[in-house]
Amino acid sequence: MLAAFYERMGAARDVLRLDDIPDPQPLAGEVRVRIRWSGLNPSDVKSRAGLLGRPMAFERVIPQSDGMGVVDAVGDGVDKHIIGRRVWIYNAAWGRPFGTAAGWTCVPEQMAVPLPDCVPDEAGACMGIPAMTALHALLMDGGVAGKTVLIAGGAGAVGHYAIQFAARLGAARILTTVSSASKAKLAREAGADEAINYKTTPLVEQVRELTRGLGVDRVIEVDMAVNGIQNLDLLRVGGECVAYGSSPAPLNLPFPALLAKNVQLKFFLVYQLAARDRAVAQAALQGMLRRQDLVHNIGVRLPLSEIAAAHEMVEQGQAVGNVVLSVP
């Protein structure tokens, strides 16, 4: 089969290779999935570039944890009736050498989730990290029903889903940050009540005005190192900051300000969701997918042969929305 892989960390064009390798075979409890689409996320780029501060755990890594395909073989202990099922995949490359940037991958049965017939193939490659991150950030600790929520980066892969989920989960008001008029339009179409261009508008002052000086109940944060101190001014007393990402810069927050505002800081990595939290988010997501209740913002579609270019686009922040690769 054709696969993309790297055997050392570094720049995308220096280390990513395409070649034919043997087809994988499912072990007991596993399914083999014929990949149609592989989803690319910032964590995949950081792992390949060596930016996560840890060495390669395997001699060869087929990257990318998210994907969509069709089950075509099963290992011992797995019901053969699921052969032919369309599925979306999560965590394929998390602690494993065999991600979705290949013709086939084998994963434990529970990591191949049925994809409703009404959902486009390529959207299935966006569920594992973007959609599940957005949903857990909103569902955790009592959810957002009746709350005012600020979602950082509302035109991004996670942010665009988060706006939609917040609306469906009963948020009273949804604010988001964007960096252009076109991104503001995209965020409003997704359901944001206010899309604030942080490049042209003083964000803290605008949020204070919109909330009558109270601040927001919850911030969903994509870059805690950059925005952490600012979030203290955006949150109400007793508010929550839920962070799922950050740039490599050190995180420095003033303890007296945190204490005075009774701020709750919450961090999570979607790869390591507890089984119960994953089950709750997954059930909610599957329901919305079956109801065709979501807009999937696929920003870039490229063939697997252009994986290096795709990695560069994500690395440089050039894509608006999800980046997916078609697998021949």
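Select Leu285 and show its surroundings: leaving aside neighbours within four places in sequence, Leu285 is in contact with Trp88, Met127, Ala131, Met132, Leu135, Phe165 and Leu294. The model on screen is a predicted one.

Now widen the selection to the nonpolar core around this residue. The largest such core has 90 residues, and Leu285 is listed with Val31, Trp88 and Phe165 as having the most contacts inside it. Helix α4 gives the most to this core, with 8 residues. A separate core lies apart from it and has 17 residues, including Leu150, Val219, Leu235 and Ala243.

Go next to Val31. In strand β6, Val107 is the bridge partner of Val31. The two strands to colour here are β3, residues 30–40, and β6; they pair in the antiparallel sense over 5 bridges. Strand β6 covers residues 104–108, and 4 of its 5 residues are buried.

Turn to the open sheet of 6 strands. Its order is β10-β9-β8-β11-β12-β13, and the pairing is parallel. At the edges are β10 (194–197) and β13, each pairing on one side only. On average, neighbouring strands of this sheet are turned by 20 degrees against each other, direction ignored.

Within the sheet, select β8 and β9. Strand β9 spans residues 173–178 and runs parallel to β8, with 4 bridges joining them. One pair to label is Val149 and its bridge partner in β9, Ile174. Then add helix α7, residues 203–210, which packs on the sheet and touches β9, β10 and β11 (216–221). The direction of α7 makes about 160 degrees with that of β10.

The next stops are charged pairs. Across the whole structure, a search finds 17 salt bridges.

Select Lys266 and Asp141. They form a salt bridge in which the closest N and O atoms are 2.6 Å apart. Lys266 lies in strand β13 (residues 264–267) and Asp141 in the loop between α4 (127–139) and β8 (148–151), so this pair ties together parts 125 residues apart in sequence. Is Lys266 buried or exposed? Lys266 has a relative accessible area of 13%, under the 20% limit, so it counts as buried. Asp141, at 47% relative accessibility, counts as partly exposed.

Move to Glu240 and Lys147. The closest N and O atoms of this salt bridge are 3.7 Å apart. Glu240 sits in strand β12 (residues 235–243) and Lys147 in the loop between α4 and β8, 93 residues apart. Both Glu240 and Lys147 are buried.

A third pair is Glu122 and Arg301, whose side chains meet in a salt bridge (3.1 Å, N to O). This pair links distant parts of the chain: Glu122 is in helix α3 (residues 121–124) and Arg301 in strand β14 (residues 298–303), 179 residues apart. Glu122 is buried at 17% relative accessible area, whereas Arg301 is partly exposed at 46%.

For a network rather than a pair, select Glu7, Arg17, Asp19 and Arg60, which are linked by salt bridges.

Finish at helix α11, residues 307–315. Because 7 of its 9 residues are buried, α11 is largely enclosed by the rest of the structure. The buried residues to label are Ile307, Ala308, Ala309, Ala310, His311, Met313 and Val314. The last residue to select is Gly317, which follows α11 and has a positive phi, near 65 degrees.

Definitions and conventions:
Residues are numbered from 1 along each chain as its sequence is written. This is a predicted model: local features need pLDDT of at least 70, side-chain atom pairs count only at pLDDT 80 or more; totals for chains, interfaces and linings use all residues. Side-chain values use heavy atoms; hydrogens and water are left out. A salt bridge is a side-chain nitrogen of Lys or Arg within 4 Å of a carboxyl oxygen of Asp or Glu. Buried means under 20% relative accessible area, exposed over 50%, partly exposed in between (1.4 Å probe, protein chains only). Two strands pair if DSSP finds at least two bridges between them. A nonpolar core is a set of buried Ala, Val, Leu, Ile, Met, Phe, Trp, Tyr and Cys residues joined through side-chain atoms within 4.5 Å. Contact means heavy atoms within 4.5 Å. Axes are lines fitted to C-alpha atoms, for helices over the stretch in contact, and angles run from 0 to 180 degrees between N-to-C directions.
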